Amino acid sequence: MILFGDYHTHTIYTHGKSTIEENVLVAIKKGLKEVAITEHSYKHFAHPVKRKNIKVMREEVDRLNKKYPEIKILLGLECNLLGVNGEIDLTDEEEKMLDLVVLGYHKTFKPTFKNFFKFLIPNTFRIGQASKKRIEINTNAYINAMKKHKIDILAHLKYANCTVDVKKIADFAGTQNTYIELNGKRINFTDEEILDVVNSNAKFIIDSDAHICDKVGENNHALNILTRLNIPQEKVANIGKTPTFKNHKG
Ligand SMILES: [Zn+2]
Ligand SMILES: [Zn+2]
């Protein structure tokens with residue numbers, strides 16, 4: 001099983017340890033055909049990208065694409081799911097500079113006053129299991145985000161206590177060509193949930209979520225799950241082929 005691309009990596013533009021070029025060089029060394037740079041968007045609490053740097057990164061990615069024609073370098077953003085109505089931290093103007101949009105729930109982010117109490121507190125700071133109502137609210141938040149925005153990848157679902165109905169999300173993601181990520185740092189799915197995705201029209205995408213260049217293109221945990229659960233390669237967008245992302249240029 002060979003990964004054709006890694007679509008979730010960080011750099012020194014947020015809290016990664018390596019430059020864009022270092023990530024690219026490792027990706028080339030590992031034989032990837034594509035690599036994406038996807039920093040935390042600006043409402044991440046601890047490590048937001050500086051908004052003015054999105055343009056700087058776009059120029060750097062364009063320059064590196066000319067320098068290294070053997071690989072396709074994509075610029076994305078790892079946006080934060082900010083609220084119950086599917087609010088995310090991405091403006092139209094910024095989206096036009098991107099090749100893909102990744103969406104994730106993180107432990108801390110900067111929501112509105114209302115969503116601080118309705119969304120962040122009941123998830124991140126919840127003690128005990130999520131109620132049925134909470135799972136429904138979270139699931140709808142993701143579905144609303146996919147309705148409102150062109151989301152290419154749902155990163156690390158169920159991370160940071162944001163419990164969701166994976167089957168419902170996968171069913172909707174399948175209608176939107178939104179990929180469900182098997183993340184290199186955190187896979188919170190049960191085997192049953194993985195099989196729910198397999199049985200939906202949605203596809204997985206395997207990413208490293210590398211914060212240092214050495215980890216680019218690495219995700220043995222996901223590859224082991226595929227083998228263990230006998231998941232067909234056709235269900236993964238970046239094994240043996242490259243995924244198709246939405247047009248964000250407007
Ligand atoms: Zn993340
Ligand atoms: Zn990340």
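This report describes the overall dimensions, the two zinc sites and a surface patch of a predicted model.

**Overall form**

The protein contains 8 helices and 7 strands. Its radius of gyration is 17 Å, which agrees with the value near 18 Å for a compact globule of 250 residues. Along the principal axes, the C-alpha atoms occupy a box of roughly 50 × 45 × 30 Å. Buried residues make up 57% of the 250.

**Zinc sites**

The protein donors of each ion are listed below.

| Ion | Protein donors | Distances | Spacing in sequence |
|---|---|---|---|
| zinc ion (ligand 1) | E78 (OE), H106 (NE2), H156 (NE2) | 2.0 to 2.2 Å | E-x27-H-x49-H |
| zinc ion (ligand 2) | H8 (NE2), H10 (NE2), E78 (OE), D209 (OD) | 2.0 to 2.3 Å | H-x1-H-x67-E-x130-D |

What separates the zinc ion (ligand 1) from the zinc ion (ligand 2), and which residue coordinates both? The distance between the ions is 3.4 Å, and E78 is the residue that coordinates both. E78 belongs to strand 3 (residues 72-80), while H156 sits in the loop between strand 5 (153-154) and helix 6 (166-176), so this pair of donors ties together parts that are 78 residues apart in sequence.

The site of the zinc ion (ligand 2) is irregular, with angles of 80 to 164 degrees among its 4 donor atoms. A tetrahedral assignment would require all angles to lie between 85 and 135 degrees. The range of 80 to 164 degrees extends beyond those limits, so the tetrahedral label does not apply. For reference, the ideal angle for four tetrahedral donors is 109.5 degrees.

At this second site, too, the donors come from distant parts of the chain. H10 is in the loop between strand 1 (5-6) and helix 1 (20-29), and E78 in strand 3 is 68 residues away from H10 in sequence.

Are the donors E78, H156 and H10 buried or exposed? E78 is buried, at a relative accessible area of 1%. H156 is also buried, with 2% relative accessibility, and H10 is buried at 0%. The cut-off for burial is under 20% relative accessible area.

**Surface patch**

A nonpolar patch lies on the surface and consists of F113, F116, F117, I121 and F125. Together these residues have about 540 Å² of accessible area. One of them, F125, is located in the loop that runs between helix 4 (113-124) and helix 5 (132-148).

Key
Residues are numbered from 1 along each chain as its sequence is written. Chains are lettered from A and ligands numbered from 1 in the order in which they are written. This is a predicted model: local features need pLDDT of at least 70, side-chain atom pairs count only at pLDDT 80 or more; totals for chains, interfaces and linings use all residues. Side-chain values use heavy atoms; hydrogens and water are left out. Patches are made of residues with over 30% relative accessible area and no salt bridge: like charges are joined within 9 Å, nonpolar side chains (Val, Leu, Ile, Met, Phe, Trp, Tyr) within 5 Å. Accessible areas come from the Shrake-Rupley method with a 1.4 Å probe; for residues, only the protein chains shown count as cover. A salt bridge is a side-chain nitrogen of Lys or Arg within 4 Å of a carboxyl oxygen of Asp or Glu. Helices (H or I, at least four residues) and strands (E, at least two) are DSSP runs, numbered from the N terminus. Donors are N, O and S atoms within 2.8 Å of the metal (3.2 Å for Na, K and Ca); water is not among the atoms, so sites may look incomplete. Buried means under 20% relative accessible area, exposed over 50%, partly exposed in between (1.4 Å probe, protein chains only). Four donors count as tetrahedral if all angles lie between 85 and 135 degrees; four count as square planar and six as octahedral if opposite donors are over 155 degrees apart and all others between 65 and 115; anything else is irregular. The radius of gyration is taken over C-alpha atoms; the globule rule is 2.2 Å times the number of residues to the power 0.38.
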